[in-house]
Amino acid sequence: MKPSDNITSTDPRKTARQRRSEATVDAVVEAAARILGGKGDLSYTTNAIARTAGVSIGSLYQYFPNKDAITRALIRRELKSLEDQLGPVFAAPTAPSALADFAAAAAAYQMRRPTLARRLDEQEEKVAAPDDLAPARVRIMELLSAVMQGHGIAADTALLEDLMAVARSLTDAAGHRGETDIARLARKIEFAMMAVATAGR
């Protein structure tokens with residue numbers, strides 16, 4: 001049976017244990033990022049990903065059963081990147097500067113590759129499964145909760161989701177306009193998040 005994007009499984013078929021395997025997996029995931037961050041969905045196929053990665057379609061299917069599995073691997077990679085960016089905030093979540101640091105990290109992460117970040121938000125709704133993406137999301141939400149507690153605000157899940165949506169909307173809009181001033185964007189995110197968090201108090 002010829003591999004196709006219609007295969008329902010989205011789990012990698014091989015664990016990348018050897019250096020060559022890891023290099024292939026990394027190349028495929030980065031190729032997916034380049035396509036989504038460039039031409040977009042219409043060019044986002046397994047054949048295009050393999051061609052961009054410089055690997056055969058057979059090699060691609062050794063590690064990923066379909067396009068959705070590649071997308072999920074890319075989302076996991078980007079979530080890890082965001083967590084790394086938030087490192088200083090994880091270290092001191094209730095510090096007075098924590099919200100500003102959170103906003104700065106969010107702005108830097110989104111603006112690093114704004115088109116990719118925006119399209120991954122869209123892709124996540126289509127392919128993400130809670131089992132492997134939820135832990136990172138939970139850690140980030142718990143971090144934001146601690147940050148808001150440092151400002152005397154007890155944020156429930158709905159408020160935390162609103163705050164994340166505010167940050168995402170502002171960064172997506174900035175990306176659409178081609179803005180590059182990360183510091184200015186971070187200030188806007190911080191101000192908007194605090195405004196939403198304190199609305200009606």
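**Exercise 1.** Is R113 buried, partly exposed or exposed? Work it out from the predicted model, then find the partner of its side chain.

*Solution.*
Step 1. Recall the cut-offs: a residue is buried under 20% relative accessible area and exposed over 50%, with partly exposed in between.
Step 2. The relative accessibility of R113 is 24%, so R113 counts as partly exposed.
Step 3. Now look at the side chain. R113 forms a salt bridge with E30, at 3.1 Å from N to O.
Step 4. Check E30 in the same way: a relative accessible area of 26% makes E30 partly exposed.
Step 5. Place both residues in the fold. R113 sits in the loop between α6 (98-112) and α7, and E30 belongs to helix α1 (residues 19-36), so this pair ties together parts that are 83 residues apart in sequence.

**Exercise 2.** Which residues are linked with R113 and E30 in a network of salt bridges, and how many salt bridges does the whole structure have?

*Solution.*
Step 1. Begin with the principle: side chains of opposite charge can pair when their charged atoms come close.
Step 2. Follow the links around R113 and E30: the network also includes R77, E78 and R112.
Step 3. Widen the search to the whole structure, and the count is 9 salt bridges.

**Exercise 3.** Which arginines meet the side chain of E179 in a salt bridge? Classify each residue by its accessibility.

*Solution.*
Step 1. One partner is R177, with 2.6 Å from N to O.
Step 2. Another is R184, where the N to O distance is 3.9 Å. The cut-off for a salt bridge is 4 Å, and this pair falls within it.
Step 3. Turn to accessibility. R177 has a relative accessible area of 51% and is exposed. R184, at 41%, counts as partly exposed, and E179, at 22%, is also partly exposed.

**Exercise 4.** Describe the largest pocket: what is its volume, which helix gives the most to its lining, and how do the lining residues divide by character?

*Solution.*
Step 1. The space in the largest pocket comes to about 310 Å³.
Step 2. Three elements give two or more residues to the lining: α7 (114-127), α8 (130-150) and α9 (157-177).
Step 3. Of the elements, α9 gives the most, with 4 residues.
Step 4. Find the lining in the structure; among its residues are L82, D121, E125, R137, M141, E161 and R168.
Step 5. Sort the lining by character: 6 residues are charged, 5 are nonpolar and none is polar.

Methods. Residues are numbered from 1 along each chain as its sequence is written. This is a predicted model: local features need pLDDT of at least 70, side-chain atom pairs count only at pLDDT 80 or more; totals for chains, interfaces and linings use all residues. Side-chain values use heavy atoms; hydrogens and water are left out. On a 1 Å grid over the protein atoms alone, a cavity is a set of points where a 1.4 Å probe fits but cannot get out, and a pocket is an open set with protein on both sides within 12 Å along at least five of seven lines; lining residues have an atom within 4 Å of a point. Grid points are joined across faces, edges and corners, and a volume is the space filled by probe spheres set on the points. Ala, Val, Leu, Ile, Met, Phe, Trp, Tyr, Cys and Pro count as nonpolar, Asp, Glu, Lys and Arg as charged, and the others, Gly among them, as polar. Buried means under 20% relative accessible area, exposed over 50%, partly exposed in between (1.4 Å probe, protein chains only).
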